[in-house]
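Thanks for coming. I'll walk through one model this morning, strands before helices, and finish with the core.

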Amino acid sequence: MRKKLFKLLALTLVLGLSVLVISGCTNSSDSTSGSEDTEKKVVLSYGGIQSTEDTATKSMQKMAELVKEKSGGSLELQVYPASQLGDAISQIEAVMMGSQDMFIDAASFVAQFVPDKQVDSLFFAFSSEQHFENYLDSDLMISIENQFAEERGVKTLAQNYLRAPRVMVSKTPILSVNDMQGLKMRVPEIRTYLESVNALGANPTQIPWGEVYLALTQGVVEAAEGPLDAVYSMKFYEGAPNITMTNHIRDNLAVLINDKKFNSLSENQQRALLEAATEAGEWYTQQVKDKLDEVVIAMEAEGATIHEVDVKEFVEIMFNAADKLEDEGLWQKGLFENVQKLQ
């Protein structure tokens, strides 16, 4: 009887230890599973509007490679260039709603949603590239980024994608303000562009970027403007062979992401995104600078005519327009003056 009791106690002890071991293994497995869940693979949609050959699109692909590497393969960017997901404003709105994760193109499109951003897309607002870089690094820009995130739910990952200066393309040469009078000129959906072209005497016509080539070749508009390298990659000069080196806007690309989506990622994935966006921006900026001379030579070889112009009279008109627009409340009082102090 006593032997049976000992056997029963021994069996109970063995069973109890087995339960503890199994339980411990289960808890360990659950912990590992939870860790994997935080690093499970995430695929983000990343839209742009530039052609597949444009450096902006190549920077998207560069960022995708860097993100995959830096996240250890847990994060992937699915790249959609050439307006596959719609025009710029439509894509930014999709990022706001969360139906699209990310977008890259001209930071000036943010002006549609943050009024103070209008100030930096006024023609001739910046006297040099350094002036523009000072603005990007200023508290003014931080304030705009914060406002966009708080009010529209869109986080800015990087702004260091410095574009080529914007130039004018036209069917007939633009050598002075007089040459712009009555000219039908394409502008994006940004009010300051429209106001700038109006102030210079031309007739602004809003057309999506992806439709500008056809608009020029079919005569819907007589002129347009854009970054020098994009004028080449989009072949605008085929419909408007005169290129005037006005450098009227210093521009940059911004990488935008839905704020909730960003916050849903692990710390490792967030860090990978931020680092990759910045590194791709540095790569983009250098690529643009290195290729500008080649772009000019290539366009001239294909029939374009490059015009240099004294922009003094253009600048005077635009500074007067800035005072008028500020009085109308397009941006807060004193903002344009504060931008000029950053030279």
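In which sense do β3 and strand β10 pair, and over how many bridges? The sense is antiparallel, and there are 5 bridges between β3, residues 102–106, and β10, residues 252–258. Before I go on, please keep in mind that this is a predicted model.

For one pair in that ladder, take phenylalanine 103, whose bridge partner in β10 is leucine 256. Phenylalanine 103 also stands opposite glycine 47. That brings in β1, which runs parallel to β3 and is joined to it by 2 bridges.

Is β3 enclosed or open to the outside? Buried here means under 20% relative accessible area. By that cut-off 5 of the 5 residues of β3 are buried, so the strand is largely enclosed by the rest of the structure.

Back to β1, residues 42–47. Its pairing with β2, residues 75–80, is parallel and covers 6 bridges. Within that pairing, valine 43 has glutamate 76 of β2 as its bridge partner. Helix α2, residues 55–70, completes a right-handed β-α-β unit with β1 and β2.

Now the helix itself. α2 has 16 residues and spans 22 Å from first C-alpha to last, close to the 22 Å expected at 1.5 Å a residue. At its start, a side-chain oxygen of aspartate 54 comes to within 2.8 Å of the backbone nitrogen of alanine 56. Just past the other end, glycine 72 has a positive phi of about 70°.

Which residues of α2 are buried? Among them are Thr55, Ala56, Ser59, Met60, Met63 and Val67. As a reminder, an α-helix has 3.6 residues a turn, so residues three or four places apart point the same way.

Met63 takes us to the core. The largest nonpolar core has 107 residues, and Met63 is one of those with the most contacts inside it, along with Met102, Tyr161, Leu228, Ile243 and Leu273. The biggest contribution to this core comes from helix α10, residues 267–301, which gives 10 residues.

What does leucine 273 touch? Leaving aside residues up to four places away in sequence, its contacts include Leu44, Met63, Val67, Leu75, Leu77 and Met102. Leu157, Ile257, Phe262 and Leu265 are also on that list.

Last, a residue in another helix. Glutamate 316 is in α11, residues 312–327. Glutamate 316 counts as partly exposed because its relative accessibility is 46%. Its C-alpha is 9.2 Å from that of phenylalanine 124, though the two residues are 192 apart along the chain.

That's it from me; questions are welcome.

Terms used: Residues are numbered from 1 along each chain as its sequence is written. This is a predicted model: local features need pLDDT of at least 70, side-chain atom pairs count only at pLDDT 80 or more; totals for chains, interfaces and linings use all residues. Side-chain values use heavy atoms; hydrogens and water are left out. Two strands pair if DSSP finds at least two bridges between them. Helices (H or I, at least four residues) and strands (E, at least two) are DSSP runs, numbered from the N terminus. A crossover is right-handed if, with the strands pointing away from the viewer, the path from the first strand over the helix to the second runs clockwise. Buried means under 20% relative accessible area, exposed over 50%, partly exposed in between (1.4 Å probe, protein chains only). The expected span of a helix is 1.5 Å times one less than its number of residues. A polar contact is a pair of N or O atoms within 3.5 Å; within protein, one must be able to donate a hydrogen and the other to accept it, and residues adjacent in sequence count only if both atoms are side-chain atoms. A nonpolar core is a set of buried Ala, Val, Leu, Ile, Met, Phe, Trp, Tyr and Cys residues joined through side-chain atoms within 4.5 Å. Contact means heavy atoms within 4.5 Å.
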